Every structure is written in structure tokens, then in C-alpha cells.
Amino acid sequence: MLDFLKARTRPPTETPGHGGNRSGGKTSVPARHGKAAVTFAAHLRFDDVSRRYGETLALNRVSLDVPPGKVLCLLGPSGCGKTTLLRIAAGASGRAPAACSSTIRRSPVPNRFVPPEKRGVGLMFQDFALFPHLTILDNVAFGLRSPDQGASRAEAHAALERVGLGQYAGDYPHILSGGEQQRVALARAIAPRPGVLLMDEPFSGLDPRLRETMREDTLAILHETRATCIVVTHDAEEAMRMGDSVALLRKGHVVQTGTAPELYRAPTDIFAARTFSDLNEVTTRIEQGRAPTPLGTFDAKGFADGTEVIVCMRQGGMRLLGQGEGAPGRVLDTRFLGDVGLVEVAVQGFDAPILARVREADVPARGTEVGISVDAGAVLIFPAENGEALPSS
Ligand code: ADP
């Protein structure tokens, strides 16, 4: 069962501001441009939703709850069912799923000129398509099928102003950069003031810096509109940055849901741990309630003696020390990653080099003899067999 509960909208309460300049070229961050029109958000709930395509069980009894005005990120590898879930939320999934009764309810409420049934769901997809033969304003106004053309265009203009592109209203999409076209797509999605906004990999076509900017700006706009939002992504960092909550999917079922810190600190299995952190892993056997490794022996409550486990150590929790401290190691290689450096250290007892993420200023030279240790809080322990147990820390 999929419910939209209490989806209501009201007219904009803010007057849009004036378009800012475009300093810094096409990919620059726009100045603040008024406020996005406000929506009364829907409460979105998936209750035991399944979906089968022939032999493939694309969704397996998925239950999720997105409170009004909150952003849920659907995170998972390709093929895990994210898009299928989003399409069901959009009511665009074709015939009803075999294994669930899927209903969408929207409460009609009075509004000025956009019919309520047109207000339910806004969509923004990775391969957003702007109509090349329509002006940018007409592209944004496209979803506003109001009999009052003037009012529609005013709303479209307000949305365009909010994404910083008001001055291009009369131009055609081909003059815009990829990032700007994405902003137009965002304006088009928010213009009808949807109670629910669904975004499928909305930033994956952008270069990393622009993606960052678009994420932040989109979040600000979402908070202004107060739309309930689902963002699909395969990028854990993006999910953690954008989502009020994150649902991690694998093979059609929800592995774990929670806030970003909850999922990061207490991943439910090794799959979740690998999704949210870069790890060093070593297989060992429990002895007297503890997991011995070449980098120390760690508490492993809940595991029977003799159980084979995988001890996972976050790369950011590794400490490089002076010679004679910690376990002895030798720096094999270093990689510059900006603020941090990635250091490969050969440590006796490990088949593969240990990777440590340290401050760039602390990166030792290749060939340096070092000591190495790991913070106890950066250690997670899972059974080797199926990887599904709570971490020890
Ligand atoms: P994701 O968005 O996470 O990449 P999808 O929801 O697109 O995953 O797909 C989930 C599974 O369902 C995949 O195995 C995919 O091959 C399958 N699938 C998706 N759409 C169809 C379809 N129209 N026909 C058959 N199989 C499909």
C-alpha cells in the first residue's frame, strides 16, 4: 500500500525577488533569488510494497515512511529497485504490482488556479528533457496547465527567479550550460508547488563541484517549498548530505533506514558498512570474546568463540605513529586527495596494504618506517559467513 496523506497546497506567501547577476560564468552559484512558493507537504508512506518483473523481484516487501516536508534518500547500487520504487511513488509504474495493492490518495483542497489533482507529484530526472523549441519560461510553465495563462507565467517566472535564471526567461534552452538546464528542470518541478517531489539521480550528470552547489541549492529550495521529497542516488555521500533520512536498498529490499549518522555509526551489516565507509578488512576467529588482529585485539561481544569474523577498520580511523609505536609498517605509496592523503602501508599479517586517510600535512614519504594503530571506535565486526550482525562498537 502506498499512501499520500494530507497533501495540501496553498498559494505562495512570498513575493519572488529579483534576478541576480551571473557573475563567474555559467556554472556560478546564483545569488539568493526570492523564495520558492510554499506547499503543504504530503505524508508519503510505502506499506509492504512488492514489484515483480517476470522472474525478477524488483521490490520485496518495502515499507517506508516519509513525514511531511522531509527528504528521504533512496540509496543503493544499480538494479536494487530504486527507480521502480520511485515510479510507484509517481503512480507511473504501469499496472498494479502483483504482490501489493498500491493506492495513491490525494486530498483535494481549495487553491487559486492550479487544479488540485495536478498538484500532487513533481518529478525531476537525470535525463531531464527541456523542449528546445520552447522558451525557458515556457518550459517551466509547461506543467502549469492553468486556464489563467498570466497567473501560470507569473508562477513559472517566480520559480525561474528562485533558481537564479529569471533573466533567461525569454531565451531558448540551448544557450544554457548543463548545470543551468538542471536548474530549469528544478524550477519546472517546483513551479506547480507539488506536495511530493521525486528526484531520480538528479545531479549525476554534473561535474563534482557543480553537483555540490546544486545539492546545496536544491536542499535550500526544498526546505522553502516544504515538499516531501524522495531523492534516488547511488552516491552514499550525496545521500548522507541530502537526506533527513536514508533508506539503503539491496536486491529489492530495505537493508536499513535511519539518519545519516545512524547508518554511518551502526551499519546493520557489512554491505551497509562498506556503503558508508572506506574500510580495511581482516578475517579472524573469536577467542575469549575478542577478535585478534595484527593491529590489536578488539571486543566482540555477542560472538561465540571460534566464530569466523571480518574485522572492518575505517580508513579514516587509522593512526600513523612513529617507529616503535603501534604495529610496525612501511609506507608503500601515497595519494594526494586534497585535504586528506591516502597512505598505503604494508603491515605484517595483512595480505593487502592497509589504507589510512590522514591529514595531507601528516602524509609521510614513501618508504618511511612507521607505526600504525586504529581507533577502537573505528572498528566494526561482522560474521564472515553472511555479514549480517550488529557491529561491536
Ligand atoms: P535501480 O533504479 O536501483 O537501478 P531498477 O528499479 O531500475 O533499479 O530495477 C530493479 C530491477 O528490476 C533490476 O533487476 C531491473 O533489471 C529490473 N527491471 C526494472 N524495470 C524493468 C522492466 N521494465 N522490465 C523488466 N525488468 C525490469
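How many disulfides does the structure hold? The structure holds zero, a disulfide being a pair of cysteine sulfur atoms within 2.5 Å.

Before selecting anything, keep in mind that this is a predicted model, in which local features need pLDDT of at least 70 and side-chain atom pairs count only at pLDDT 80 or more, while totals for chains, interfaces and linings use all residues. Residues are numbered from 1 along each chain as its sequence is written, and side-chain values use heavy atoms, with hydrogens and water left out.

Select C73 and C229 to begin with. The closest cysteine sulfur to that of C73 belongs to C229 and lies 7.7 Å away, which is too far for a bond; seen from C229, the closest cysteine sulfur is in turn that of C73. C73 has 0% relative accessibility and therefore counts as buried (under 20% relative accessible area, with a 1.4 Å probe and protein chains only), and C229, at 0% relative accessibility, counts as buried too.

Next, select the open sheet, whose five strands (DSSP runs of E, at least two residues, numbered from the N terminus) follow the order β16-β20-β17-β18-β19 with antiparallel pairing. At its edges stand β16 (318-321) and β19 (354-359), each with a single partner strand, so one side of each is left without a neighbour in the sheet. From one strand to the next, the twist averages 45° (angles run from 0 to 180 degrees between N-to-C directions of axes fitted to C-alpha atoms).

Finally, display β16 together with β20 (residues 369-374): they pair in the antiparallel sense over four bridges, where pairing requires that DSSP finds at least two bridges between two strands. Within this pair, pick L320, whose bridge partner in β20 is I372.

Key. Buried means under 20% relative accessible area, exposed over 50%, partly exposed in between (1.4 Å probe, protein chains only).
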